[in-house]
2 protein chains.
Amino acid sequence: MPEFRKDPILGRWVIISTERGKRPTDFNGQSSNKEKVGGFCPFCYGNEDKTPPEVLSYRPDGSKPDEQGWKLRVVPNKFPALQVEGDLGRIGEGIFDKMNGLGAHEVIIETPDHNLDLSDLSEKDIEDVLWAFRDRVVDLKKDDRFKYILIFKNHGESAGASLEHTHSQLIALPIVPKLVIEELNGSKKYFGFKDRCVYCDIIRQEREGKIRVISENSDFISISPFAPRFPFEVWILPKVHNASYEDVQENGEFGSLSYILKDVFTRINKVLNNPPYNMLIHSSPFTEEHNEYYHWHIEIMPKLVRVAGFEWGTGFYINPTTPEEAAKYLREVEI
Amino acid sequence: MPEFRKDPILGRWVIISTERGKRPTDFNGQSSNKEKVGGFCPFCYGNEDKTPPEVLSYRPDGSKPDEQGWKLRVVPNKFPALQVEGDLGRIGEGIFDKMNGLGAHEVIIETPDHNLDLSDLSEKDIEDVLWAFRDRVVDLKKDDRFKYILIFKNHGESAGASLEHTHSQLIALPIVPKLVIEELNGSKKYFGFKDRCVYCDIIRQEREGKIRVISENSDFISISPFAPRFPFEVWILPKVHNASYEDVQENGEFGSLSYILKDVFTRINKVLNNPPYNMLIHSSPFTEEHNEYYHWHIEIMPKLVRVAGFEWGTGFYINPTTPEEAAKYLREVEI
């Protein structure tokens, strides 16, 4: 079983895959760049038996589970970072602390079409992906061993995607990760001082200044954040305060979100020539899913630069592009 | 002038290069892998005028500054992330905080030989590099605008090196970075509870258990840490407590360090086939350079895996190789 291990100085947990441990030779050739080349794909029609059985699918024609006909399919990751069975089994090893690598790791196959990317899908199809994210979160929340779920997408090999067929992932965790706790603590501190949500204040200030706004619709706004780690980093935020992604109202909010997502990806692809990217949904942990201080949002980080020694040694990021300039490019590009 | 900008939620500073801002087209082709191919190199003999004037050099034959004859040369970075002139000029922008990108950014050219890497140098030459690091820290500490210096090395393009001629870098900062504060706080907390340095306890436990020890000499030990972020991550620690790198005694400690560094790099290169890597020196900030709780050390992280959405969204790392297995490979390889 994989293990959680805690760094005794930083209190940072890491996940150690103890079972399918990688040997030195497994890392050879990991740095090459692949084109979208096709070949055998476990996410294409006809290969449903090459993945673990599906936990969710959208099948407009009423076809059978784990057979063709689906338009979206969610399956457990065949090589999960964490294992869903068992309990935490917290234990010490001298001064060190560890526990079992308990968690869920699922893959959302966004379309059966091998040649499309998320940004190629219609707004309606993107909306389905957003609903699938929510459906899985709502379901996994029933398991009270889990405290947090991260939904994320790695697009392109240099952004960490190991299969080229477009997909997102979710990992349900038995602990709230350090970075999420830090975001929550920062938001609480601000709320304690101002009695306002820091993200609501950011939206207000950005809508006045306009220099870091990329686009906007009735429910969402996309901006280049004031202090981005990476060049052309984009945040998408709901304009009305809401702490949790899954709390979205059924009044067309996911419709608005799919429009702004498609809009933002179209801009990014045009300006940066279809870059690899990571997309993350930041949402409140289950223990505090309704609150006034935290504001769920999406972060998109095109993979344009390398993280190197300075960043690893300090947690400090060097960003070669101002967010004002990035927003201007993304806002003004013809789409 | 570059800017420091603070993320209003996390309190994380980033450095924004406002002057030589990168445009979208500047990022094209950044993902290709370069071989060591030669061509024009500003770090080779005869090109001393292609770098800013040197701030330190070791010249056994007494040649003139900024001319050939040196065996090691330290110059300001020609494209610095921070600027050395001026003051912080702290200022707000609505709810946001920023200040001038004040700092020093220097390059340590470790040898005039274009074809050698740090690990190819003799122990004596590596020791010179270690002394050069210390000389620059001691000098820059006199500038009381600086609170912290990170010494680091990016080796190989995929680890962030932009020039192939072997070199290290240092960045002097007017603030103590978040990650360093977290390490200090973690160490202080442990010391407050146990009245012992956590790193001293780690060394004690690892020397007893032996399973994560790689090698050891009179003054230093190299280990695979218990909770490493990356596969084959290695830490080198002084066996006697010492908070700051520059506090090293002149009794041959840097001699011992050069031997264990060469030993560790030889093992890494043999086991992992000369991987790209990042090397960092973690040391106490200038405001608390002598203390009982923090223990300076070197971290070496071979660049074998990609950091992707899960890590960016949680601060949680997934490591596919156990440190016990990594240590076994590194310890047992024939060198």
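How many Å should the 18 residues of helix 1 of chain A span at 1.5 Å a residue? We'll get to that in a moment, but one thing to keep in mind while you look around: this is a predicted model.

**Helix 1, in both chains**

Back to the opening puzzle. Helix 1 of chain A covers residues 123–140, and at 1.5 Å a residue those 18 residues should span 26 Å. The C-alpha atoms at its two ends are 26 Å apart, so expectation and model agree. You can try the same check on chain B: helix 1 there also covers residues 123–140, and from its first C-alpha to its last it reaches 26 Å, close to the 26 Å expected.

Now look at which parts of this helix are tucked away. In chain A, the buried residues are I126(A), E127(A), V129(A), A132(A), F133(A), R136(A) and V137(A). An α-helix has 3.6 residues a turn, so residues three or four places apart point the same way. Keep that in mind as you step along the list of buried positions. In chain B, the buried residues of helix 1 are I126(B), E127(B), V129(B), A132(B), F133(B), R136(B), V137(B) and L140(B).

What does the covering? In chain A, the cover for these buried residues includes strand 3 (56–58), strand 4 (72–76), strand 7 (104–109), strand 8 (148–155), strand 9 (167–173) and helix 4 (253–272). In chain B, the buried residues of helix 1 pack against elements including strand 8 (148–155), strand 9 (167–173) and helix 4 (253–272) of chain B.

**Chain A as a whole**

Zooming out, chain A is built from six helices and 15 strands. Its C-alpha atoms fill a box of roughly 55 × 50 × 40 Å along the principal axes. Is that chain compact or not? A compact globule of 335 residues would have a radius of gyration near 20 Å, and chain A has 20 Å, so the two agree. Of those 335 residues, 50% count as buried. Among the contacts in chain A with a separation of 6 or more, 67% come from residues 24 or more positions apart.

**How the two chains relate**

Which operation lays chain B on chain A? A turn of 180° with a shift of 0.0 Å along the axis does the job, and the RMSD comes out at 0.0 Å. That is the relation of a two-fold axis. The same surface serves both copies, too: 100% of the contact residues of chain B recur in chain A.

**A sheet made from both chains**

Here's a nice one to trace on screen. Five strands form an open sheet with mixed pairing, in the order 15(A)-2(B)-1(B)-6(B)-5(B). At the edges sit strand 15 (317–319) of chain A and strand 5 (91–93) of chain B, each pairing on one side only. On average, neighbouring strands of this sheet are turned by 30° against each other, direction ignored.

Strand 1 (residues 3–6) and strand 6 (residues 96–100) of chain B run antiparallel and are joined by four bridges. One bridge matches E3(B) with N100(B) in strand 6. Strand 6 of chain B also pairs with strand 5 of chain B, again in the antiparallel sense, over three bridges. There, G92(B) has D97(B) as its bridge partner. Strands 5 and 6 of chain B form a hairpin with two residues between the strands, and in that hairpin G94(B) takes a positive phi near 60°.

**Two residues to click on**

C200(B) lies in helix 3 (residues 198–209) of chain B, while D117(A) is found in the loop between strand 7 and helix 1 of chain A. Buried or exposed? A residue needs 20 or more other C-beta atoms within 10 Å to be buried. C200(B) has 18, so it is partly exposed. D117(A) counts as partly exposed as well, with 18 C-beta neighbours inside 10 Å.

Leaving aside neighbours within four places in sequence, C200(B) is in contact with H241(B) and H295(B), and D117(A) touches H155(A) and T166(A). Here are two pairs that sit apart along the chain:

| Pair | Residues apart in sequence | C-alpha separation |
|---|---|---|
| C200(B) and N242(B) | 42 residues | 9.7 Å |
| D117(A) and H155(A) | 38 residues | 8.5 Å |

Definitions and conventions
Residues numbered from 1 in each chain as written. Chains lettered and ligands numbered in written order. Predicted model: local features only at pLDDT ≥ 70, side-chain atom pairs only at ≥ 80, totals over all residues. Pairing = 2+ DSSP bridges. Axes fitted to C-alpha atoms, helices over the stretch in contact; angles between N-to-C directions. Least-squares fit on C-alpha atoms with pLDDT ≥ 70 in both. Contact = placed C-beta atoms within 7 Å. Rg over C-alpha atoms; globule rule 2.2 N^0.38 Å. Buried ≥ 20, exposed ≤ 12 C-beta atoms within 10 Å, placed from the backbone. Expected span 1.5 Å × (residues − 1).
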